[in-house]
Amino acid sequence: MPHDTLTPADDSRRQFCAAACRLASVATLGPLLGACGGGSSSPTAPSTGTPLSTVAGSVSGRTVTVTIDGASPLGAVGGLAQVRTAAGVFLVSRTAEDTFTALTATCTHEACEITGFSGARFVCPCHGSQFSAGGAVLNGPATRALPTFATAFSGGVLTIAI
Ligand code: FES
């Protein structure tokens, strides 16, 4: 028999192998394709929230100062902002006319910088942890509150003791 002639047994073995490979591919890729399909069972990415406005703060010794006027994102009660300084980044909320809270912007989960908000919550972009204006964990995976800093407000200037 010539070398390249197929017998019926060769042909059925080839068909069997082709079918087995198709089944193996479907079995392997099926779950992956299902996860990418956006169906109701697929995992959802954590929300990153709406990006926070940023405000510059200056540092002198252990004090950050931030000037707040009517145009500032912190100009009205309920305002939220990231305060960026040479000493670090802070999350600031205006909780009343003369009252603010200041938190570190470094997430207590894996140290990502918190850059977003949703409603009155700060939202970490990495894994979706959410924190209250007072720093409490409202949604994990973070389990520890954000450290807070004492604040004072006078004459349109917010001071944060760091
Ligand atoms: S680092 Fe913030 S949720 Fe993971």
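## Salt bridges, strands and a disulfide

A search of the whole structure turns up 2 salt bridges. The model is a predicted one. These two pairs make a good way in.

Take the pair of Glu-113 and Arg-84. Their side chains meet in a salt bridge, at 2.8 Å from N to O. Glu-113 sits in the loop between strand 7 (99-104) and strand 8 (116-118), and Arg-84 sits in strand 5 (residues 80-85), so the salt bridge ties together parts that are 29 residues apart in sequence. How accessible are the two partners? Glu-113 has a relative accessible area of 33%, so Glu-113 is partly exposed. Arg-84 is also partly exposed, because its relative accessibility is 37%.

The other pair is Arg-94 and Glu-97. Here the side chains meet in a salt bridge at 3.4 Å, N to O. Is Arg-94 buried or exposed? Its relative accessibility is 6%, so Arg-94 counts as buried. Glu-97 counts as exposed, because its relative accessibility is 52%.

Now step back to the whole protein. It has 1 helix and 14 strands. The protein has 162 residues, and 29% of them count as buried. Consider the contacts between residues at least 6 apart in sequence: 47% of these join residues at least 24 apart. The accessible surface comes to about 9400 Å². Carbon and sulfur atoms account for 58% of that surface.

Next, follow the chain through strands 5, 6 and 7. Strand 5 is the one that holds Arg-84. Strand 5 pairs with strand 6 (residues 88-96) in the antiparallel sense, over 6 bridges. A hairpin of 2 residues joins strand 5 to strand 6. Within this pairing, Ala-81 has Val-92 in strand 6 as its bridge partner. Strand 6 then pairs with strand 7, again antiparallel and over 6 bridges. This is a hairpin too, with 2 residues between the strands. One bridge in it joins Ser-93 to Thr-101 in strand 7.

Beyond strand 7 comes the loop that leads to strand 8. We have met this loop already, as the place of Glu-113. Ala-111 lies in this loop as well. What is notable about the backbone of Ala-111? Ala-111 has a positive phi of about 70°, although it is not a glycine.

The loop also takes part in a disulfide. How many disulfides does the protein have? The count comes to 1. Cys-112 and Cys-126 form it, with their sulfur atoms 1.9 Å apart. The pair links distant parts of the chain: Cys-112 is in the loop between strand 7 and strand 8, while Cys-126 is in the loop between strand 9 (121-123) and strand 10 (130-131), 14 residues apart. A disulfide is a covalent bond between the sulfur atoms of two cysteines. Which hand does the disulfide of Cys-112 and Cys-126 have? The torsion about its S-S bond is about -95°, so the disulfide is left-handed.

The two cysteines are placed in unlike surroundings. Cys-112 counts as buried, because its relative accessibility is 18%, and the cut-off for buried is under 20%. Cys-126 has a relative accessibility of 32%, so Cys-126 counts as partly exposed. Cysteines 107 and 124 can be looked at in the same way. Cys-107 has a relative accessibility of 5%, so Cys-107 counts as buried. Cys-124 is at 2%, so Cys-124 counts as buried.

Further along the chain, look at Pro-141. It lies in the loop between strand 11 (137-139) and strand 12 (148-149). The peptide bond from Gly-140 to Pro-141 is cis, with omega near 15°.

Finish with a sheet. Four strands form an open sheet in the order 3-4-14-13, with antiparallel pairing. Which strands lie at its edges? They are strand 3 (58-60) and strand 13 (151-154), and each of them pairs on one side only. From one strand to the next, the twist averages 25°. Inside the sheet, strand 4 (residues 63-67) and strand 14 (residues 157-161) pair in the antiparallel sense over 5 bridges. There, Thr-65 stands opposite Thr-159 in strand 14.

Technical notes. Residues are numbered from 1 along each chain as its sequence is written. This is a predicted model: local features need pLDDT of at least 70, side-chain atom pairs count only at pLDDT 80 or more; totals for chains, interfaces and linings use all residues. Side-chain values use heavy atoms; hydrogens and water are left out. A salt bridge is a side-chain nitrogen of Lys or Arg within 4 Å of a carboxyl oxygen of Asp or Glu. Buried means under 20% relative accessible area, exposed over 50%, partly exposed in between (1.4 Å probe, protein chains only). Contact means heavy atoms within 4.5 Å. Accessible areas come from the Shrake-Rupley method with a 1.4 Å probe; for residues, only the protein chains shown count as cover. A disulfide is a pair of cysteine sulfur atoms within 2.5 Å. Two strands pair if DSSP finds at least two bridges between them. Axes are lines fitted to C-alpha atoms, for helices over the stretch in contact, and angles run from 0 to 180 degrees between N-to-C directions.
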